[in-house]
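Hi,

Here is the structure I promised to pass on. Have a look at it first, and my notes follow underneath.

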Number of protein chains: 2
Amino acid sequence: MKLPKKVTIKEVGPRDGLQNEPQQVGTENKAAWINRLSESGLSYIEVTSFVHPKWIPQLADAADVLSSIKRKPGITYAALVPNRQGLKRALESNVDEVSVFMSASEAHNKNNINKTIAETLPVLQEVVSEAKAAGKTVRGYLSTVIACPYEGAVPPEQVKKVAAQLFNMGIDELSLGETIGVAVPTEVERLLEVLLPEFAADRLAMHFHDTRGTALANISKSLEMGITTFDSALGGLGGCPYAKGASGNAATEDLLYMLDAMGIETGVRMEGLIEAGELMESILGKPLNSRQMDIYRRVEKE
Amino acid sequence: MKLPKKVTIKEVGPRDGLQNEPQQVGTENKAAWINRLSESGLSYIEVTSFVHPKWIPQLADAADVLSSIKRKPGITYAALVPNRQGLKRALESNVDEVSVFMSASEAHNKNNINKTIAETLPVLQEVVSEAKAAGKTVRGYLSTVIACPYEGAVPPEQVKKVAAQLFNMGIDELSLGETIGVAVPTEVERLLEVLLPEFAADRLAMHFHDTRGTALANISKSLEMGITTFDSALGGLGGCPYAKGASGNAATEDLLYMLDAMGIETGVRMEGLIEAGELMESILGKPLNSRQMDIYRRVEKE
C-alpha cells in the first residue's frame, strides 16, 4: 500500500457531533471540552455553527463558545456559516476559518437548505467572497457525495460538477461528506477516480459516517488514493439520537488508532483524545461510542 | 479494485461467539438459532467445539447440539476438535468437517493449549490423519497471525512456517486468526504478500476480530489480495464478556452489507441474518453488537 506519510485529522465533534446530540450541552462544558481537545495535538477543530438557532438550538451559543475557549496557537478554530448573516456573526467572533455547505444531490440540498443547488450557489459565493475579503480561509462541505437519502446513488460526475463550482468560488478545501454512512471502498474509489484528475488531493478531505461500520475501510481506501485530510468526531458523536449505538461520524480515536498503526504521522496523541473523551462522557453522562473508549474503559476496570 | 466475484462467509458464532459469552445458552436455544442460521443462505456453520467441558463449559453440550439441529443439505456443519478424544466424539456426532487449532506464536500456543508449537504438531497430525481416514475434510485455525498478546508483533515468516506444517499434515483450508483485533490493512497486506506466493488464495480464510473497528478495512484489503473466504459471527459475538460493546468477531451481517454493496455474491440473505439475530437477542436478553442490528432496531422503532 502506498500511503501518505502525514495526515491531518479535522475534529468536527463540537459542531457535527453536538448538533445531533439530543441533550443540550452548556457553553462552559463545550469550552472545557474544546480546551481539552486543543491539548491533544489536533491542529483543526470545528467548534460550532452560526446557523440560525431556530434550526439547531444545540449550537445557539456559537459566539459564546468562541469567546469562552482558550485558543492555542497553531490550531485552526473553525465554524460553519450558512449565509451572510451567519458569516457576520462568525467574523465578529473572529473564527480562523469558515465553512460553507451544500449537497451534491438536489433533493438533499432542498431538504437541508430549502433551496435548489442553483439557488444555493450565489448565496455561498457571497459568503466565500466576503470571508476571503476578511482574510479568512474557507472550507466547503459537500454532502451526499456517494448517496442521498432521497435520491439514492449520486453519480460521481454530479459531485465533480458541484465541486468545481465550489472551487471556482474560491474555497480553499472541499470536504466530501458521505452523509448517510452507506459507502463501501469500491464506491469511494470510483468517486475519487473521477475527482482526482480534476482537483488536487491535498485540497480534498473525506468525511465519513460510520453508520454501517465501513468508515475505516473507506478511509483506508482514500489513503491509498492519496487523500491526506479526514474529518472525524471524538467518540463517534453525531449519531442518530434515537438509536442506541447507531454511530455517527468516524470516531477520531479509532481513526487515530489505525493511522498510528499504519505508521502515518498526525501529531495527535491518543492519550489526549482519551482524556477529552472521558470529559465528554462525564458531561453527557453516557459512554461514547468508539472502540478506543471501550478498550480504555475495560482497561480501567481491570 | 480487483475483487473476487464470489465469497464464502463461514459463520463461527455458535462456536467462537458462544464460547466467550458469559451466560450459558441452553441446547434447545442453540439448535433453534443454528436452524435459523441455516435458513439464511449460509453454506458453512461452525456449530460447536469438542474441547473438554472443563475448559469451555459453554460448549459442554457439543454432541447434543449436533443431534438437535436440523441439517440442511448443502450446508457444512463443522466443529472444533483439540485432540483424538475430541475427534472421536465429533465423529460419533457425524460432523461434516473438523477444525484443529494452534497459534503462530509460542507464548499464545503455550497459554492456550499448554504445549509448545513443536509439541502441538504431532497431536494435530494424528487428528488430521484420523479425520481424513474417516472421510472428513479438515480445517486448520492458526491464531495470532498478526500479533500475540504476550509476544507482540508476529513475523509473517513465522506464520508461513507454521502454515506450511499444517498444510503438510493434510488440512484442506487454513483460517488465519487475527486473535486480538489489533491489525490494520498494511499489516494484512504484508502477511498475505508472504503467504500467497506459498499457498493458494482459495485455501486460505481470514478470521478478523473487530476490537479496534478495523475488521472491515482488513477484509476489504484481503479481498483485494484475492482472499475469498471469511469467518464472522452473527452480531459480532465473541467479544470480551467484561466490556460492554467490546466487539469480538467481525459481525456477519456487517460483513454481508459490505460484500453486497461491493456487488460480491455470497448466497446469504440479510433478512435471514437479521431474523437469526433477533432470535439470538431474545435468547441472550440483550442487543447484539452490529451496525445492521442497530439499524434494524431503529427502523423497527420508527
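**A buried aspartate in chain B**

Let me start with a side-chain pair: Asp231(B) and Arg139(B) make a polar contact through their side chains, at 2.8 Å. Keep in mind that this is a predicted model, so please read the distances as computed ones.

Where does Asp231(B) sit? You'll find Asp231(B) in strand S10 of chain B, which covers residues 229–232. Buried or exposed? Asp231(B) has a relative accessibility of 1%, so it counts as buried, the cut-off being under 20%. Apart from residues within four places in sequence, Asp231(B) is in contact with Lys10(B), Val12(B), Arg139(B), Tyr141(B), Ser175(B), Ala205(B), Met206(B) and His207(B). Arg139(B), the polar partner, is thus on that contact list too.

**A glutamate in chain A**

Over in chain A, I looked at Glu173(A), which belongs to strand S8 (residues 173–178). Its relative accessible area is 9%, so Glu173(A) is buried as well.

Which side chains does the side chain of Glu173(A) meet in polar contacts? One is that of Lys10(A), at 2.9 Å, and another is that of Arg139(A), at 2.8 Å. With neighbours within four places in sequence left out, the residues in contact with Glu173(A) are Lys10(A), Val138(A), Arg139(A), Gly140(A), Phe167(A), Arg203(A), Ala205(A) and Thr229(A).

**Chain A as a whole**

Stepping back, chain A has 12 helices and 10 strands. Its radius of gyration is 18 Å, close to the 19 Å that the globule rule gives for 302 residues, so chain A is as compact as a globular protein of that length. If you want a feel for the dimensions, the C-alpha atoms fill a box of roughly 55 × 45 × 35 Å along the principal axes.

How much of chain A is buried? Of its 302 residues, 59% count as buried. As for the contacts, take those between residues at least 6 apart in sequence: 73% of them join residues at least 24 apart.

On the outside, chain A exposes about 11,400 Å², and 49% of that comes from carbon and sulfur atoms. Chain A carries 32 positive and 39 negative charges, and the mean positions of the two sets are 2 Å apart.

That's what I have for now. If you open just one spot, try the side chain of Glu173(A) with its polar contacts to Lys10(A) and Arg139(A).

Cheers

Technical notes. Residues are numbered from 1 along each chain as its sequence is written. Chains are lettered from A and ligands numbered from 1 in the order in which they are written. This is a predicted model: local features need pLDDT of at least 70, side-chain atom pairs count only at pLDDT 80 or more; totals for chains, interfaces and linings use all residues. Side-chain values use heavy atoms; hydrogens and water are left out. Helices (H or I, at least four residues) and strands (E, at least two) are DSSP runs, numbered from the N terminus. The radius of gyration is taken over C-alpha atoms; the globule rule is 2.2 Å times the number of residues to the power 0.38. Buried means under 20% relative accessible area, exposed over 50%, partly exposed in between (1.4 Å probe, protein chains only). Contact means heavy atoms within 4.5 Å. Accessible areas come from the Shrake-Rupley method with a 1.4 Å probe; for residues, only the protein chains shown count as cover. Lys and Arg count as positive and Asp and Glu as negative; His and the chain ends are not counted. The place of a charge is taken as NZ of Lys, CZ of Arg, CG of Asp or CD of Glu. A polar contact is a pair of N or O atoms within 3.5 Å; within protein, one must be able to donate a hydrogen and the other to accept it, and residues adjacent in sequence count only if both atoms are side-chain atoms.
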